[in-house]
Amino acid sequence: MVISHTAPQKIRSVLDDSRLTITDTEFRQLREFIHAHSGIALSDHKRALVCSRLARRLRHHNLQHYSDYYRILTEDDPEGLELVAMINAITTNKTDFFREPHHFRFLAEEVFPAYRNNPNRDRPLRLWSAAASTGEEAYSLAMTALEVMPSFNERDIRILATDIDTDVLSRAEAGIYTREQAGQIPETLLHRYFLKGRGEHEDQVLAKPILQSLISFRRLNLQEEPWPMQGPFDVILCRNVLIYFDKPTQLKLFQRMAGMLKKDGYLMLGHSEAMYGLVDLFRPVGHSIYQRRGKSVS
Ligand SMILES: C[S@@+](CC[C@H](N)C(=O)[O-])C[C@H]1O[C@@H](n2cnc3c(N)ncnc32)[C@H](O)[C@@H]1O
């Protein structure tokens, strides 16, 4: 068995974490705080998850009790730095290239050709990846767009990729992935749009500048009002994030996103997310794809 020089420290952390327990009051306070600042709704069975994900923040501050950590968040965090670190620790960032491929097929077959073939085009195609995580979704959008419109550049296509989590955004912006992470990218696209690492980076790929030039990465909390950018967008992908929000929060977001879409623009949700009601704002046009109706939004 090979033990690296970091092993003893890791073992100590595990032991420390196992000594950390969260009381009912601590869990309730933190849950309410997290909900108020991110919209993430944590049910009772997420207690162990909160406990383990915040354990490293407690270690960082050398604390033994979640109540002391709560005190830092509420009384000793004037610049909101701990709030950002706490949210980074609590979010779930699972994603993949071309995840839920029917969305990318719909874009390649319907949305992008219509834009390319429109002779009256007078503005860039604007796409928003609204919970971008480590960037796979935004790079998949960029590849799909360029495959349909190979001669187009950032004047014609603009992708905004936002997330609340600053850690994942820095990784997204770097555009570096392991070959395993890049496994869902078809070989021809991988060859066309990524550089392969050499030597000690042999296991990595790097998004080429043409992809990176189409995408702007920004921190954005979907709960904040108003959002700092202006619409309208042609397509919004808000996938696999609504499941963390309660129903009133979801409903409000659908309404706000309707206001950010151009007439006839599209909203794409994750596979287990659906829009209910709001038939005057959106009509379903495919599996978890909704098209904005032409009416004005109140
Ligand atoms: C499971 S990932 C989904 C990534 C990608 N959209 C996909 O479907 O593969 C969910 C992302 O939502 C982000 N998130 C959670 N709450 C958020 C909020 N209030 N505002 C913006 N992003 C949020 C998390 O940081 C995380 O990266």
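Two exercises with worked solutions follow, on a sheet and on one aspartate of this predicted model.

In the model, local features need pLDDT of at least 70 and side-chain atom pairs count only at pLDDT 80 or more, whereas totals for chains, interfaces and linings use all residues. Residues are numbered from 1 along each chain as its sequence is written, and side-chain values use heavy atoms, with hydrogens and water left out.

**Exercise 1.** Determine the strand order of the open sheet and which strands form its edges.

Solution.
1. Strands are DSSP runs of E with at least two residues, numbered from the N terminus, and two of them pair if DSSP finds at least two bridges between them.
2. The open sheet has three strands in the order β3-β5-β4, with antiparallel pairing.
3. β3 (176-178) and β4 (194-196) are the edge strands, since each pairs on one side only.
4. Between β4 and β5 (residues 204-207) there are three bridges; in one of the pairs, Leu195 has Leu206 of β5 as its bridge partner.

**Exercise 2.** Establish whether Asp163 is buried or exposed, and what surrounds this residue.

Solution.
1. Asp163 lies in strand β2 (residues 157-163).
2. Buried means under 20% relative accessible area, exposed over 50%, and partly exposed in between (1.4 Å probe, protein chains only). Asp163 is buried because its relative accessibility is 8%.
3. Leaving aside residues up to four places away in sequence, contacts (heavy atoms within 4.5 Å) of Asp163 include Ala131, Ser133, Val168 and Arg218.
4. The C-alpha atoms of Asp163 and Phe217 are 8.3 Å apart in space, although 54 residues separate the two in sequence.
5. The Asp163 side chain reaches the backbone nitrogen of Ala132 at 3.4 Å.

Conventions. Helices (H or I, at least four residues) and strands (E, at least two) are DSSP runs, numbered from the N terminus. A polar contact is a pair of N or O atoms within 3.5 Å; within protein, one must be able to donate a hydrogen and the other to accept it, and residues adjacent in sequence count only if both atoms are side-chain atoms.
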